[in-house]
Amino acid sequence: MENNSKSENKKERNSFTGSLGFVLAAAGSAVGLGNIWRFPYCAAKDGGGLFLLVYLVFALTFGFTLLITEVALGRKTQQGPLTAYRELQPKWKWLGIFSFVVPFIIYPYYCVIGGWVIKYMFTYMIGKGSLAVQDGFFNSFISGSWQPILFTFLFAGACFYIVYKGVEDGIEKFSKILMPILAVIVIFISFYALFLKFTDSDGVTRTGLQGAKIYLIPNFKGLTFRGFLHICLDAIGQLFYSLSIAMGIMIAYGSYMKKEVNLEKSVNQIIAFDTGIAFLAGLMIIPTVFVFSDVDGLKTAGTSLIFVALPKIFNSLGIFGYILGALFFVMVLFAAITSAVSILEAITASYIDKYGWSRKKSVLILGAATFVVSIIVCLGYNVWVFKLKLPNGSVGQILDVLDYGANNVLMPLIGILTCILIGWVCKPQTILDEITLNGEKFNRAGLYKVMIKFIAPVLLFVILLTGLGIL
Ligand code: PHE
């Protein structure tokens with residue numbers, strides 16, 4: 001009976017129409033809030049061009065290894081994350097449960113932040129951008145009783161619709177529209193940022209080009225060995241999050257990839273897209289923040305960068321600032337939606353494959369269940385305010401606690417376990433066979449083996465220890 005339903009499933013399995021659909025959908029997952037609010041911040045903090053170089057090296061080695069492993073795992077097993085590990089190695093089926101739990105934790109709070117983005121986008125679109133800079137606008141909005149829930153609902157509703165429509169008619173179709181628009185907006189704003197100019201009250205004039213220099217030129221001043229190691233760790237951590245690794249997402253997307261598509265080439269393209277957008281986001285944000293608030297302003301990251309610091313800048317640009325603000329939030333919204341869709345798809349695929357549920361039933365039930373958690377996250381800023389000290393030293397709300405648990409603990413752990421499974425239990429050849437299925441030549445096979453067996457697990461272990469506050 002179980003076999004029966006499984007083979008039926010395989011027959012009906014959705015798939016991307018071709019390599020472009022797959023690459024844009026996977027890039028849609030990878031390009032998200034992390035590219036816009038975290039990458040520029042890391043670059044500004046970690047010596048500009050030096051960080052960029054380090055990041056690039058790790059992207060082509062460490063990031064490439066983990067990403068291609070997950071995509072190949074999905075395509076080989078033709079299963080969502082919950083059952084893919086079981087298919088590969090029955091004794092390791094528990095790892096599937098782990099990688100099902102992570103997206104389930106992340107999705108609800110990602111939707112809450114997506115809701116904030118919609119609120120800001122509307123605020124700019126109706127020409128009320130000046131409100132967004134008033135003291136307390138952000139805090140009073142997120143601690144409101146019904147507005148955050150309403151906007152979260154709008155965001156989650158859009159994701160629900162796309163996943164409900166399926167892989168080809170939903171995810172692929174929307175990614176093919178949203179991702180190119182996003183790329184054009186990023187290019188436009190980053191180009192514009194280079195020509196900004198501002199003279200502050202002390203009579204000091206700063207230009208966008210000066211800001212771009214801070215970003216692009218490697219800064220070795222005062223660099224110690226320990227400092228360099230920190231930069232490496234920041235780059236690896238950022239990369240890991242940015243490529244949507246260890247969340248089961250790339251396994252799910254890989255399972256929809258056609259067997260004739262060139263796996264290595266597609267993975268290279270995803271990395272190029274993700275890194276390219278992160279680089280341009282830096283070129284857009286660092287000069288802008290620098291021009292208006294000097295080097296100190298570059299220390300802002302996370303929600304306060306997008307929802308507090310940038311609105312101030314848009315405001316000082318007059319009427320054009322409103323247009324720029326609206327464009328910016330449209331771009332952030334597209335980045336966030338395609339990422340959130342991939343998380344919802346990962347959990348939906350798991351249910352379809354594990355229980356043989358239909359797509360519609362899975363997405364309805366999971367969409368409703370995660371929305372209940374989203375409401376709890378919203379209430380964390382309202383009736384359930386608390387401050388919890390986390391092992392890495394930061395203090396957080398419900399949203400931060402979920403984020404911490406998933407990103408700092410569970411994801412590195414899943415990454416390490418996947419490396420052990422592939423590197424030592426099943427052996428790297430399992431993945432190499434899938435990569436070269438159509439007789440493709442895989443030049444980085446040697447690098448892949450060393451990475452998956454030795455280097456990647458060690459690096460991930462260091463990230464885990466850092467996240468736990470032990471290092
Ligand atoms: N990769 C996304 C980014 O860079 C983050 C993400 C997290 C995507 C969780 C999907 C799920 O922002």
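Two helices count as oblique when the angle between them is neither under 35 degrees, nor over 145, nor within 65 to 115. In this predicted model, that rule is handy for helix 2 and helix 13 (residues 263-293), whose axes come within 9 Å and cross at roughly 40°. The pair is therefore oblique, and the crossing is right-handed. On the helix 2 side, the residues that meet helix 13 are Ser19, Phe22, Val23, Ala26, Ala27 and Ala30; their partners in helix 13 are Ser266, Gln269, Ile270, Phe273 and Asp274. Sorted by class, this contact has seven nonpolar, three polar and one charged residues.

Helix 2 (19-30) turns up again around the ligand, where helix 3 (33-45), helix 11 (225-242) and helix 15 (318-355) join in, each of the four giving at least two residues to the shell. In total, 15 residues surround the ligand, and the closest are Gly32, Gly34, Ser242, Ser244 and Ser339. As for class, the shell has seven nonpolar and eight polar residues, but no charged ones.

Now for a couple of backbone oddities. Most residues other than glycine have a negative phi. Gln78, though, has a positive phi, near 60°. Gln78 sits in the loop between helix 4 (49-77) and helix 5 (81-88), and it counts as buried because it has 20 C-beta neighbours inside 10 Å. Lys427 also has a positive phi, this one near 80°. Its place is the loop between helix 17 (398-425) and helix 18 (429-435). With 15 C-beta neighbours inside 10 Å, Lys427 counts as partly exposed.

Conventions. Residues numbered from 1 in each chain as written. Predicted model: local features only at pLDDT ≥ 70, side-chain atom pairs only at ≥ 80, totals over all residues. Near = placed C-beta within 6 Å. Nonpolar A, V, L, I, M, F, W, Y, C, P; charged D, E, K, R; others polar. Axes fitted to C-alpha atoms, helices over the stretch in contact; angles between N-to-C directions. Left-handed = near helix turned anticlockwise from the far one by under 90°. Contact = placed C-beta atoms within 7 Å. Buried ≥ 20, exposed ≤ 12 C-beta atoms within 10 Å, placed from the backbone.
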